[in-house]
Structure formats: structure tokens, C-alpha cells
Amino acid sequence: MNAATNGAFRILMICRTDRRVAMQEMVERLGMAEALVLKSCFTLMQAGFLEGKRGRGGGYRLARDPATIRLTEVVDAFEPEENLFPCRLRTDRECRIVGLCKLRRACERAYGVFRAELDRLTVADLALDDPPPRLSAAPPPRDSPPVAPA
């Protein structure tokens with residue numbers, strides 16, 4: 001899978017239908033570059049998995065119930081089938097060794113297993129818990145004297 005597909009799965013793991021996730025939160029929580037978050041979110045919106053809102057209170061949220069988004073749908077939005085194989089298995093041009101190629105048959109079997117496993121799972125199966133609440137202030141360094149209550 002390419003980086004955008006991997007990023008899309010990670011983004012979908014933290015998005016919800018009931019609250020928006022800001023781009024900066026995605027970048028920080030997922031450790032992804034902002035450009036990759038943008039690219040993945042754009043494709044996810046085009047495919048109807050996410051909806052976005054700009055400005056204050058903006059961010060991204062799931063456009064569909066996570067239990068209805070199969071992982072194969074996400075792969076299909078990002079990865080043309082021919083990109084998942086080491087050779088051109090689904091093109092009009094005939095391979096010179098097609099009748100003898102064991103790699104082709106192995107890849108076809110592996111691809112079938114790969115799709116079957118992803119088709120069994122939905123975004124709801126991968127959802128991560130919400131992040132812990134942020135602390136309002138960092139604790140004082142160990143070397144500093146205790147601060148007297150006000």
C-alpha cells in the first residue's frame with residue numbers, strides 16, 4: 001500500500017461521526033506530515049468517507065457510520081489493483097511467461113486473502129479510543145522548590 005492509503009486508514013481510526021478532528025490533531029496524534037494528511041483527507045472526502053469543515057470549529061468527521069465502511073472500499077479509493085502487484089497482472093498486454101509464472105499465481109492467491117481479510121473488517125473494528133484529556137499545566141521540574149499555595 002502507498003503512504004496515502006496507510007495514512008487514510010490511520011485517519012479513519014481516529015475520526016468519529018459525533019465530533020470533528022482538526023488537522024493539527026491528526027498530525028500530532030498520528031505522527032503524519034500535514035501534506036500527507038491533506039492528501040488522504042481529500043481522497044477520503046471525494047470517496048464519501050469524510051466530510052470537512054473549514055474555519056473555527058472546523059475539522060474532519062466521518063460522513064458515514066464507521067460500521068458501514070469496509071476496509072476494501074478504502075483500498076479501492078486509493079489503490080488501483082495493478083499497483084498492488086509486482087507485475088502487470090490485469091492489463092491487456094500478455095506477459096511472456098504467463099503460462100509458467102508461479103509468482104503470478106502466488107500474487108493472485110495472496111491478493112484474494114488480503115481482500116477477504118480487509119472485506120471482513122470495517123472502520124468501526126479499527127477505531128481508536130479518544131485521546132486522554134490534556135493537562136492544563138506541566139508539572140514543575142524536579143529541581144525547583146515547591147510552590148506555596150495562593
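**Notebook: helix packing, two residues and a pocket**

I looked up T72 and recorded it as buried, because its relative accessible area is 6%, where buried means under 20% relative accessible area, exposed over 50% and partly exposed in between (1.4 Å probe, protein chains only). I worked from a predicted model, in which local features need pLDDT of at least 70 and side-chain atom pairs count only at pLDDT 80 or more, while totals for chains, interfaces and linings use all residues. Residues are numbered from 1 along each chain as its sequence is written, and side-chain values use heavy atoms, with hydrogens and water left out.

**Entry 1: T72 and the overall layout.** I placed T72 in helix α4; helices (H or I, at least four residues) and strands (E, at least two) are DSSP runs, numbered from the N terminus. Apart from neighbours within four places in sequence, T72 is in contact with R115, L118 and D119, contact meaning heavy atoms within 4.5 Å. I noted 6 helices and 2 strands in the protein, running α-α-α-β-β-α-α-α from the N terminus on. Of the 150 residues, 29% are buried. Among contacts with a separation of 6 or more, 63% come from residues 24 or more positions apart.

**Entry 2: α1 against α4.** I then examined how α1 packs with helix α4 (residues 71-78): the angle is about 140 degrees and the axes are 9 Å apart. Axes are lines fitted to C-alpha atoms, for helices over the stretch in contact, and angles run from 0 to 180 degrees between N-to-C directions. The α1 side supplies A4, T5, A8, F9 and L12, which meet L71, V74, V75 and F78 of α4. By class, I recorded 8 nonpolar residues, 1 polar and no charged ones in this contact. Ala, Val, Leu, Ile, Met, Phe, Trp, Tyr, Cys and Pro count as nonpolar, Asp, Glu, Lys and Arg as charged, and the others, Gly among them, as polar.

**Entry 3: R10.** I found R10 in helix α1 (residues 3-14). R10 counts as partly exposed because its relative accessibility is 26%. Leaving out residues up to four places away in sequence, R10 touches L30, G31 and M32. Between R10 and L126 I noted a C-alpha to C-alpha distance of 8.9 Å, with their positions 116 residues apart in sequence.

**Entry 4: α2 and its cover.** In α2, I listed M23, E25, M26, V27 and L30 as buried. The elements covering these buried residues include α1, α3 and β2. G31, just after α2, takes a positive phi of about 65 degrees. The axes of helix α2 (residues 23-30) and helix α3 (residues 34-46) come within 10 Å and cross at roughly 115 degrees. M23, Q24, M26 and V27 of α2 make this contact with E34, V37, L38 and C41 of α3. I counted its residues as 6 nonpolar, 1 polar and 1 charged.

**Entry 5: the largest pocket.** Which residues line the largest pocket? I listed M45, G52, K53, R54, G55, G58, G59 and Y60. A pocket, on a 1 Å grid over the protein atoms alone, is an open set of points where a 1.4 Å probe fits, with protein on both sides within 12 Å along at least five of seven lines; lining residues have an atom within 4 Å of a point. β1 (50-53) and β2 (59-62) each supply at least two residues of the lining. By class, the lining has 2 nonpolar, 4 polar and 2 charged residues.
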